[in-house]
Structure formats: C-alpha cells, structure tokens
Amino acid sequence: MEIVTPTNESNNANIKTTSSISMSSSINDLLPTTTITEPPQKKLTLLPLIFLIYFEVAGGPFGEEPAVQAAGPLFALIGFLVFPFIWSIPEALVTAELSTTYPGNGGFVIWAQQAFGPFWGSMMGTWKFLSVVINIAAFPILCVDYLERLFPILDSGWPRYVVIFGMIIILALINYIGITIVGYVAVILALVSIAPFVLMICFAIPKIKPVRWISLGQKGVKKDWGLYINTLFWNLNFFDSVSTLAGEVENPHKTFPKALFIAVLFTCLSYLIPLFAVTGSVSVDQSLWTTGFHAEAAYIIAGNWLKIWIEIGAVLSAIGLFQAQLSSSSYQILGMAEIGVLPKIFEYRSKKFNTPLFGILVSVGIVLGMAYMDFEVIIAAANFLYSLGMLLEFASFIWLRRKFPQLGRPFKVPMGLFGLIVMCLVPSAFLILVMAIATKIVYLISGVMTIGGIGWYFLIKFCRTKKLLRFNTNHFEDEE
C-alpha cells in the first residue's frame, strides 16, 4: 500500500471528479469526488479558532462550583490543577496530531475509519454526534434559567417555551451565516463573559485567607466522589470536537497546534483563578456551592451589580457554547457525507454562506425535540456515549501510529509508541471509571442509542449496496 502524506488544507471543495482512487492512506482518498461551484470561502484564523475551542470546552468558570460542594475547596483546587494533565492535555495532543494529519471535516470519524474501517468510523460518528447534540440542547435551557432570575415570568408555561424556541432558531441562524462569523462572535462573547470575573478577582484579593484553600470541607459532610469526577469531566472535555472544523481552518497544519495549546492554557486558568479567589475570600455553607454560586459569591464580594453582570455573562457563555458545539455537529455531518459515511445530500452547503445547511437542520431538529425534556439522565447518557467515543479515539490514535509509522505528520506528539500508550492509558482509565459509576438507566439509554447506531450503519450499507441513495466514494467500503 502506498503511503502518501496528506497535503490538502482546503475545505475540499472544487475537487475534480476522478474515475479511480489510489490505495493511499491520504486524506485525499476520503474527500468528495464531484466538482462543486461555490463562492470563495472565508477560513478560520488563529484567534477565532482559539475561542471556538474555548467554547467547545468551557465558556468560563460557570459549572465548576459543584466540585467544591462535592469534596471541599482543597480537592476542588487539586482537581482543576491536576485533571488537565491527565485528561485535557492528552486529548488536545491527540487532536493536534490527527487533525493536522487528516485535515478534513469528518474529524474523529476519519481517524476511526482510517484505523479500523467503516463500521467503527460510523460508530464513532454516532457516539460523538449524539453526545454533542444532547449537550447543545441544554444550553438554551441554561440561558433561560439565568434569565428567569431577572424575569420571573420565564419560570414556566408558554413564555418559557417560546423564549427557548426563539433562542434556538436565532442562534441557529447566526450559525448559518458562516463559521467565521461564529468565530468572531465567540471572541466577543468570551471577553464580555470573562470580564466580571476579572473584576471579582480584583475585589476578592484583599479578602483572601489562604488557610481556606486547604480546607477538606465541612465536618460531617460526606464526600460525593461521583459528582466530583463528573464535574471535572464535564468542564474539561470536548477539546477534540473542534476536529470536525479542520477543513474550515486556514493553514490547519500550523494553526491547529497553536490554537489548541493556547486554548488549553486559557481554559485551565479561567477555571483555576476564579476558584482560588472565591474559595479564599468567601466562607459559606458547603451545600451552597451549586451551579451558579459564583454569582452569589460576586454579591458577597462586591455587590448586586457584579452578581447581575455574572448572570448576564452566564447567558452569553451558554450562547457561545451553543454556537461552538452546533458548528462542530453540523460540520461533522458534512464531513461524514464527504467521506461517504452519510448520503451525498448531507454535504450540501448554502450557496450564499457556504455553511452545511443539512448539518445545521438535522442538529437543530434534534435540539428542538429535546430542549423541553428532563436532562439529568440523558446528559449522563451523553457523557457515557462520549466516553465510548473517546476510548475508540485513543485506540485509533495508537493504531494509526503503529499502522502508518512513516506517514508524514505536520505535528507529531514527541513520543514513541510505548510512551503514547502510557499517555492514553491514564485518561482511558478515567473514562472507564466514569462509565463504571453510571446508573442502570444510563446503561439502558446508552445501550439503546448504541444499538441504534449499529442499525444505522447497516441501513446505510444497504442503501449503498442497492444504490437507493447517492454516496461519495468510500474506498474502505469498496474493499470489503
């Protein structure tokens, strides 16, 4: 088999039809084979990509508070100090190497397919898409929950439902306008939502008592390690989601590693510094450290004006999270169509904005269907599915290094195979722990979704075999 270093950095449009496909492992084998006439596309540059990654993962320190409730200030601080090294950094390194080696919008789907074939590529797509799109559905509800504090009429009933629906549609339209617009909106949202925390830190510094940082929590309060682990996992994952935008990035070979490095550092600091400031300056009952407590802490530290600003910042953060993850899910669908995993119709782009029309419609349709449901169990199931996808992602990374050792990699994690295995084993053990503490209902929901993903793969294979739908060439399927 001839090994060819991938060199295509474009969004893979305007590719001339070819009658045959080489047996190389290059990303060029996996790209669409039809000529598409499109307007010139604006690419993502370094700054907006950094903040898109930031909103894929965090969007600010909102949501870190339950770690203190679960295990006390010391363990919360240790968790947000240590967890990036055992989870976020390995995930970012894997994403940087594979996204620059295979710069297509299929992202992790391409990696799994290159490593293990079409079935596992399809399963990766199912697990990751469902986990992301379920998360997306939570953000409009989070926005309304914060707005409810300012406008009590949004507590329930038709006003709440109308606002949720309208918010989803408006944010989807912004996403439709273009990925570069979304990227620069993310920059603005990040700056505005993080600004009140900068002020809160400044007001908190004179009130800090370092002895509070080493507190193990209130006496008699039992540690909730399940909540603690899930809080860390929830706040510091999804760095790999940006891989589905690789085809939209200007010069991805250089831009991706830089953006991931800066985003990891910025994300970790945006969690740690406010947590040090608040735990050191505020002494309250441990049970009050629920999601949203930072706003209450701002009231204690500086007054009601800062509390309101942080609540507005939380709304803007949720909007940024919605936009970033909707971009990833919609471009994932487009990318899966480009490599022949989904029917060709799903690679259709808006003629005016060059955005993935059907990818956005499918994602938003699912979000609208789930935005009025109870999310506690379903989000836990989404975490379970994400864990399955990440285990497959780490396995794909290791196997591709072993399978194609001479393949040109614009960015390469500077380790041998043994070192890479060790690097991936630590976060993999954590993933298994997350799955092991899941409830029976989570196992059931995740199992049903996984079985549905298996059925979807064979349905698509049947449609391809019988030529019921048009597909781009997928040479992995052709080899079977």
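**Close-up views of a predicted helical model**

Asn 251 sits in the loop that joins H7 to helix H8 (252-281). Please keep in mind throughout these legends that the model is predicted.

**View 1. Asn 251 in the loop between H7 and H8 has a positive phi.** The phi of Asn 251 is about 50 degrees, although this residue is not a glycine. Most residues other than glycine have a negative phi. Is Asn 251 buried or partly exposed? With 30% relative accessibility, Asn 251 counts as partly exposed.

**View 2. Asn 354 has a positive phi in the loop between H10 and H11.** Here the loop runs between helix H10 (304-338) and helix H11 (357-370). The phi of Asn 354 is about 65 degrees, and Asn 354 is not a glycine. Asn 354 has a relative accessibility of 3%. Buried means under 20%, so Asn 354 counts as buried.

**View 3. Gly 178 lies in the loop between H5 and H6.** The two flanking elements are helix H5 (157-177) and helix H6 (179-204). Gly 178 is buried, and its relative accessible area is 5%. Which residue lies 5.9 Å from Gly 178, C-alpha to C-alpha? That residue is Thr 355, which is 177 residues apart from Gly 178 in sequence.

**View 4. Helix H4 packs against H11.** Helix H4 covers residues 118-150, and its axis is 9 Å apart from that of H11. The angle between H4 and H11 is about 55 degrees, and the two helices are therefore oblique to each other. H4 passes H11 in a right-handed crossing. On the H4 side, the contact is made by Phe 129, Val 133, Ile 134, Ile 136 and Ala 137. These meet Val 362, Ser 363, Ile 366, Val 367 and Met 370 of H11. Sorted by class, the residues of the contact of H4 with H11 are nine nonpolar, one polar and no charged.

**View 5. H7 crosses H13.** Helix H7 (residues 225-236) and helix H13 (residues 417-436) have axes that come within 11 Å. They cross at roughly 125 degrees, and H7 and H13 are therefore oblique to each other. The crossing in which H7 passes H13 is left-handed. Which residues of H7 take part? They are Ile 229, Asn 230 and Phe 233, and they meet Phe 430, Leu 431, Leu 433 and Val 434 in H13. The contact of H7 with H13 comprises six nonpolar residues, one polar and no charged.

**View 6. Gly 226 is placed in helix H7.** The relative accessibility of Gly 226 is 26%, and Gly 226 counts as partly exposed. Gly 226 and Ala 438 are 8.9 Å apart in space, C-alpha to C-alpha. Along the sequence, Gly 226 and Ala 438 are 212 residues apart.

**View 7. H8 crosses H9.** The axes of H8 and helix H9 (residues 293-301) come within 11 Å. Their crossing angle is roughly 55 degrees, which makes H8 oblique to H9. H8 and H9 form a left-handed crossing. From H8, the contact uses Pro 274, Val 278 and Ser 281. From H9, Phe 293, His 294, Ala 297 and Ile 301 take part. The classes in the contact of H8 with H9 are five nonpolar, two polar and no charged.

**View 8. Cys 143 and Cys 463 are buried.** The relative accessible area of Cys 143 is 1%. For Cys 463, the relative accessibility is 11%. How many disulfides does the model have? The count comes to zero disulfides.

**View 9. The whole chain has 15 helices and zero strands.** This last legend steps back from the close-ups to the full protein chain. Of its 480 residues, 58% count as buried. Among contacts with a separation of 6 or more, 81% are between residues 24 or more positions apart.

Terms used:
Residues numbered from 1 in each chain as written. Predicted model: local features only at pLDDT ≥ 70, side-chain atom pairs only at ≥ 80, totals over all residues. Heavy atoms only, no water. Axes fitted to C-alpha atoms, helices over the stretch in contact; angles between N-to-C directions. Helix = DSSP H or I, 4+ residues; strand = E, 2+ residues; numbered from the N terminus. Parallel < 35°, antiparallel > 145°, perpendicular 65-115°, else oblique. Left-handed = near helix turned anticlockwise from the far one by under 90°. Contact = heavy atoms within 4.5 Å. Nonpolar A, V, L, I, M, F, W, Y, C, P; charged D, E, K, R; others polar. Disulfide = S-S within 2.5 Å. Buried < 20%, exposed > 50% of the residue type's maximum accessible area, 1.4 Å probe, protein only.
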